[in-house]
Amino acid sequence: MNVKIVVDSSSDLLELPGVPFSSAPLKMIAGDKEFVDDAALDVAGMVGFLKRYTDRTGTACPSAGDFLEAFDEAENVFCVTITSNLSGCYNAAMVAKEEYETAHPDRKVFVLDSLSTGPQMVLAVEEFVRQMQSGADFDQACQRVREYYQNTRLLFALGSLNNLARNGRVNPAVAKVAGVLGIRVVGRASDVGTLEPLSKCRGEKRSIQEMRNLMEKLGYHGGRVRISHCQNEAGANALRDLILETWPQAEITCYMARGLVSYYAEDQGLLMGFEN
Ligand code: X90
């Protein structure tokens, strides 16, 4: 059976060694300049450019056609998208699924609305790979990922919510709090896939401590953790080390966010997906 995994670029994944895989890129737009969130994107260069750019900027999700292209000629496609509450990705993927299945009645596309983004999407993809490797068939694997996914969460710590507010993704009043120098808004992806601020922390050290405390409150007990950071490797590593103090067996990886997450999480932002 020929199975392919398709995500959008908010997952921060560029490839999956040994597994047929595609990422449909979102785009960041500043005037007539377009940054395509693919492997060729110079993320640090984009972040630097946007810091100096004072006009309006925005993002755009991939089209149904982009998803169709990503499905390629796979018999079965496992697809995960960023929350449908903040982006058109899920919608585009569902339109592509309809078209694909109509054109090829013997093929199947499963689309998971992550109600989240970044590292929580990574956890879903990794679980799907484990299921396929353990011999589950496609439908079983999709079903098990759905169950597994219910016991995963996303927490974030952001120093600025400017781009989120300016693009209508969070309430401007919430964004104002984060705009105060040195304040990080710590929050989570809500059950309906929106940003849910939980606390305001002064300084990175406190926000990392708060993320660790919140994950425990949310039922974390030593499972997998994925941390993506925007130009903040030190912060990601500090969070990892703090988690390991209490849960030395935890399996944790840290990595740099790609374009879309960097655009919205902004400089120093941290996102953490974990099993609870
Ligand atoms: O379609 C588009 O143009 C993309 C819009 C994406 C908007 C949200 C991106 C959020 C990125 C910020 C912190 C974590 C948020 C949790 C989401 C439920 C990262």
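This presentation describes two sheets, a helix and a ligand site in a predicted model.

Good morning, colleagues. I shall begin with the smaller strand numbers and then turn to the ligand.

Strands 4, 3 and 5 form an open sheet in the order 4-3-5, and the pairing is antiparallel. Strand 4, residues 33-36, and strand 5 stand at the edges; each has a single partner strand, so one side of each is left without a neighbour in the sheet. On average, neighbouring strands here are turned by 20 degrees against each other, direction ignored.

Strand 3, residues 27-30, takes part in both pairings of interest. With strand 5 it pairs in the antiparallel sense over 4 bridges, and within that pairing the bridge partner of I29 is G58 in strand 5. Strand 3 is also joined to strand 4 by 4 bridges, and these two strands run antiparallel. There, A30 stands opposite K33 in strand 4. What lies between strand 3 and strand 4? The two strands form a hairpin with 2 residues between them. In that turn, G31 has a positive phi of about 60 degrees.

I turn now to the second sheet. It is an open sheet of 6 strands with mixed pairing, in the order 10-9-8-13-11-12. Its edge strands are strand 10, residues 195-202, and strand 12, residues 252-256, each of which pairs on one side only. From one strand to the next, the twist averages 20 degrees.

One pairing in this sheet merits detail. Strand 11, residues 225-229, pairs with strand 12 in the parallel sense over 5 bridges. R226 stands opposite T253 in strand 12.

A helix accompanies this sheet. Helix 8, residues 204-217, lies across strand 8 (152-158), strand 9 (183-189), strand 10, strand 11 and strand 13 (270-275). Relative to strand 10, helix 8 runs at about 135 degrees.

That brings me to the ligand. Which residues are closest to it? They are T59, C61, L86, S87 and R169, among 18 residues that surround the ligand. Two of these residues place polar side-chain atoms beside ligand oxygens. In the side chain of T59, an N or O atom is 2.6 Å from an oxygen atom of the ligand. For S87, a polar side-chain atom lies 2.7 Å from an oxygen atom of the ligand. Taken alone, the ligand exposes 560 Å², and the protein buries 99% of that.

How do the residues of the shell around the ligand divide by character? There are 12 nonpolar, 5 polar and 1 charged.

The shell also refers us back to the strands. Strand 5, residues 57-60, and strand 8 each supply at least two residues of the shell around the ligand. Strand 8 gives the largest share, 3 residues.

To close, I return to those two strands. Strand 5 is an edge strand of the antiparallel sheet, while strand 8 stands between strands 9 and 13 in the order of the mixed one. Both contribute to the shell around the ligand. Thank you for your attention.

Note on methods: Residues are numbered from 1 along each chain as its sequence is written. This is a predicted model: local features need pLDDT of at least 70, side-chain atom pairs count only at pLDDT 80 or more; totals for chains, interfaces and linings use all residues. Side-chain values use heavy atoms; hydrogens and water are left out. Two strands pair if DSSP finds at least two bridges between them. Axes are lines fitted to C-alpha atoms, for helices over the stretch in contact, and angles run from 0 to 180 degrees between N-to-C directions. Contact means heavy atoms within 4.5 Å. A residue is near a molecule or strand if one of its heavy atoms lies within 4 Å of it. A polar contact is a pair of N or O atoms within 3.5 Å; within protein, one must be able to donate a hydrogen and the other to accept it, and residues adjacent in sequence count only if both atoms are side-chain atoms. Accessible areas come from the Shrake-Rupley method with a 1.4 Å probe; for residues, only the protein chains shown count as cover. Ala, Val, Leu, Ile, Met, Phe, Trp, Tyr, Cys and Pro count as nonpolar, Asp, Glu, Lys and Arg as charged, and the others, Gly among them, as polar.
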